Amino acid sequence: MSASSDSSYRSARNSSRGGHRSSTMGGMPLNDLPWWRWRARLRSALHMLSDPAFQQQTWLAGRTGYGDVTDAVYRLVEDTWLDRWSAEKYVGTIFRDSGEAALVDVAVLRVLRILHEVGADAPTASYLAHPGWPEAVGAAREAHVRLAVSDGEDPDAEPRSLEVLRILTKVG
């Protein structure tokens, strides 16, 4: 991300943001999330970004409890820094294999390109109207399906609310 878009991206208020950063490892701030929580948050984001009906019925309709597009992007990249390096770095931890990582990389790049063009604080309708949105949705769908099936879950189930995600990823 550029400095200006990085600033606006990080300043946007999003309901799934939580926790704090601790020290760093190799320049990457450590987040106290274990790998399975990273995967759950990333899968949640991909799920929402991959479902046009959900986007219409939830995001455009202003339904609470699911965040917005920027919130989903935050969950997609913040814990993993996938806006700075490849998902391949996480094969064997968050991702089972290079195939999963490659699909996630494509989805991240397509979604971030739109975020940078539209702006982090743009209304949902601006993202959905972007000419590249269908490609981003398709890439997110491919990644979502691959990860959901690998985890033994139904990729066509309705996306979970952020509250359900918090409950599922709660430690102890």
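This report describes the fold, the salt bridges, the largest pocket and one tryptophan of a predicted protein model.

## Overall build

The protein contains eight helices and two strands. Read from the N terminus, the order of elements is α-β-β-α-α-α-α-α-α-α. One helix therefore precedes the two strands, and the remaining helices follow them.

Of the 172 residues in the protein, 46% are buried. The protein exposes about 8300 Å², and carbon and sulfur atoms supply 55% of that area. Among contacts between residues at least 6 apart in sequence, 69% join residues at least 24 apart.

## Salt bridges around D151

The count of salt bridges in the model is twelve. One of them pairs R39 with D151, with the closest N and O atoms 2.9 Å apart. R39 belongs to helix 2 (residues 35-49), while D151 sits in the loop between helix 7 (133-150) and helix 8 (162-168), so the bridge ties together parts that are 112 residues apart in sequence. The two partners differ in their surroundings: R39 has a relative accessible area of 3% and is buried, whereas D151, at 25%, is partly exposed. The cut-off for buried is under 20% relative accessible area, which is why R39 falls into that class and D151 does not.

D151 also forms a salt bridge with R96, at an N to O distance of 2.5 Å. Here the loop between helix 7 and helix 8 is linked to the loop between helix 4 (69-77) and helix 5 (98-118), because D151 lies in the former and R96 in the latter; the two parts are 55 residues apart in sequence.

## A bridge between helices, and a network

Another salt bridge joins the side chains of R113 and E135, with 3.9 Å from N to O. R113 is in helix 5 and E135 is in helix 7, so this pair ties together parts that are 22 residues apart in sequence. Both residues are partly exposed: R113 has a relative accessibility of 34%, and E135 has 46%.

Some salt bridges share partners. Through such sharing, R39, R43, R96, E100, D151, E153 and R160 are joined into one network.

## The largest pocket

The largest pocket has a volume of about 400 Å³. Its lining consists of 20 residues, and those nearest its centre are A40, R43, E153, R160 and L168. Helix 2 and helix 8 are the elements that give two or more residues to this lining. The largest share, eight residues, comes from helix 2.

What kinds of residues make up the lining of the largest pocket? Eight are nonpolar, four are polar and eight are charged. R43, E153 and R160 lie nearest the pocket centre together with A40 and L168, and R43, E153 and R160 also belong to the salt-bridge network.

## W59 and its contacts

W59 is located in helix 3 (residues 52-60). Is W59 buried or exposed? Its relative accessibility is 6%, so W59 counts as buried.

Apart from its neighbours within four places in sequence, W59 is in contact with M48, L49, F54, Y66, G67, D68, V69, A72 and T124. One of these, T124, is 65 residues away from W59 along the chain, yet the C-alpha atoms of the two residues are separated by 6.7 Å. Other contacts of W59 include M48 and L49, whose numbers fall in the range 35-49 of helix 2.

Definitions and conventions. Residues numbered from 1 in each chain as written. Predicted model: local features only at pLDDT ≥ 70, side-chain atom pairs only at ≥ 80, totals over all residues. Heavy atoms only, no water. Helix = DSSP H or I, 4+ residues; strand = E, 2+ residues; numbered from the N terminus. Buried < 20%, exposed > 50% of the residue type's maximum accessible area, 1.4 Å probe, protein only. Contact = heavy atoms within 4.5 Å. Areas by Shrake-Rupley, 256 points an atom, 1.4 Å probe, with all protein chains shown as cover. Salt bridge = Lys/Arg side-chain N within 4 Å of Asp/Glu carboxyl O. 1 Å grid on protein atoms, 1.4 Å probe; cavity = no way out; pocket = protein on both sides within 12 Å on 5 of 7 lines; lining within 4 Å. Points joined across faces, edges and corners; volume = space filled by probe spheres on them. Nonpolar A, V, L, I, M, F, W, Y, C, P; charged D, E, K, R; others polar.
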